[in-house]
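Hello,

I am passing a structure on to you, and my notes on it follow below. I hope they help you find your way around.

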Amino acid sequence: MKATREDVAKMAGVSTATVSNVLNDPGKVKKSTADKVLEAVKALDYRPDMIARSMSTKRSMQLGIVLESLANPFFGDIVRGFENAANEKNYFVNICTGFNKLDEYFDNFITRRVDGVFVAAIPYKFNVDKIYNLVQKGIKIVVSGNVCADFRKVSSIEMNYIGAMREIMEYLYKLGHKRIAYISGLGKNLAYDLRIKGYLDMVEKLQLPCGEELLIEGKYPYSTGMEDGYQYARQLIDSGKEFTAVICVNDLVALGAMKAFKECGIRIPEDVSVIGFDGIEFGKYWEPELTTMSMNKVEFGEKAFEMLYSNMIKGGTSYHEYDMELIVRNSTSQCRR
């Protein structure tokens, strides 16, 4: 026989209202009481009727997280942090990835009555108006990726790419590098890629003999995986332009680029220094180990949920920016040319 909320209350020695409070938001109930309720839930294998609960509380206890792909471990770690934090508050997380279907996900969020959505996809892959439509329907939103959105309506959590690129460029400059290439894989006219802006700003500030001529753009649909990094590096090599250091839009692109350099007899770091972004685990086990601009991705996901939860419970929007940390490994060294 299926256990009821009343059965849980009786076993835990609390009211049914307390059981509901624990299941909806355990943080609002004294820990010892919450523990008793959760023990009873486990012992009785109690499964609350989520549809009935959503009708009474006006909350579905479902969230969405939108990504363009899980192929990059960077996003996997962010999802893990977000999902773990959400699960602690009894939210179910719908993880949505897609290439050309992101707008459809936003429409489905309305029909599924999710309470909130974390959008961590590249902005050109969806219509920002779709986000506003969700907000109008009462669905709270946190975005990441420098989305050109109205931050009075949505919250935003971003990485400090301008500061990160400034630190990378200054680091390479101190090592004697002046002809520094940037493999973006994105378009320089896409305003949300602040890494390009940071790179070009530092080229001007340091008065370097590079810039646009050593900026490798991508083409729509702007893929940035290892194979792309390999092809972009071959493009850079085939251009015949001189360079002594290469910064890549992410670590996957950097790893692909390193393979291309090696195949062409370009030694790393003796002939060219290589730096990536994101700090994924693969970089530590490459040869040579990859220097990268890193961040705590799990913590980033947890913070994204915290902001979304606050928006859902208290209302209002917020903004948070994460600084990144330069992890120096064996793929960079003093310029020898």
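The protein chain carries 44 positive and 44 negative charges, and the mean positions of these two sets lie 5 Å apart. Please keep in mind that this is a predicted model, so everything here is computed from predicted coordinates.

Here is the overall picture. The protein chain has 337 residues, and 53% of them count as buried. Twelve helices and twelve strands make up its list of secondary-structure elements. Along the principal axes, the C-alpha atoms fill a box of roughly 75 × 40 × 30 Å. The accessible surface comes to about 16,200 Å², with carbon and sulfur atoms providing 48% of that area. If you look at contacts between residues at least 6 apart in sequence, 72% of them join residues at least 24 apart.

Now back to the charges. Side chains of opposite charge can pair when their charged atoms come close. How many salt bridges does the count come to? The count is twelve salt bridges, and I would like to show you three of them.

Let us begin in helix 3, which spans residues 31–44. Asp 35 and Lys 31 form a salt bridge through their side chains, at 2.9 Å from N to O. These two residues sit four apart in the helix, which means that about one helical turn separates them. Asp 35 is partly exposed, at a relative accessible area of 29%, while Lys 31 counts as exposed because its value of 61% is over 50%.

A similar spacing turns up in helix 9, residues 194–205, where Asp 201 and Lys 197 are four residues apart, so about one helical turn lies between them. Their salt bridge has its closest N and O atoms 3.2 Å apart. Asp 201 is partly exposed, with a relative accessibility of 33%, and Lys 197 is partly exposed too, at 45%.

Which parts of the chain does the pair of Lys 130 and Asp 107 link? First, the bridge itself: the side chains of Lys 130 and Asp 107 meet at 3.1 Å, N to O. This pair links distant parts of the chain, with Lys 130 in helix 7 (residues 128–136) and Asp 107 in helix 6 (residues 102–111), 23 residues apart. Lys 130 is partly exposed at 22% relative accessibility; Asp 107 is also partly exposed, at 33%.

Enjoy exploring it, and do write back with any questions.

Best wishes

Definitions and conventions
Residues numbered from 1 in each chain as written. Predicted model: local features only at pLDDT ≥ 70, side-chain atom pairs only at ≥ 80, totals over all residues. Heavy atoms only, no water. Salt bridge = Lys/Arg side-chain N within 4 Å of Asp/Glu carboxyl O. Buried < 20%, exposed > 50% of the residue type's maximum accessible area, 1.4 Å probe, protein only. Contact = heavy atoms within 4.5 Å. Areas by Shrake-Rupley, 256 points an atom, 1.4 Å probe, with all protein chains shown as cover. Lys, Arg positive; Asp, Glu negative; His and termini not counted. Charge placed at Lys NZ, Arg CZ, Asp CG, Glu CD.
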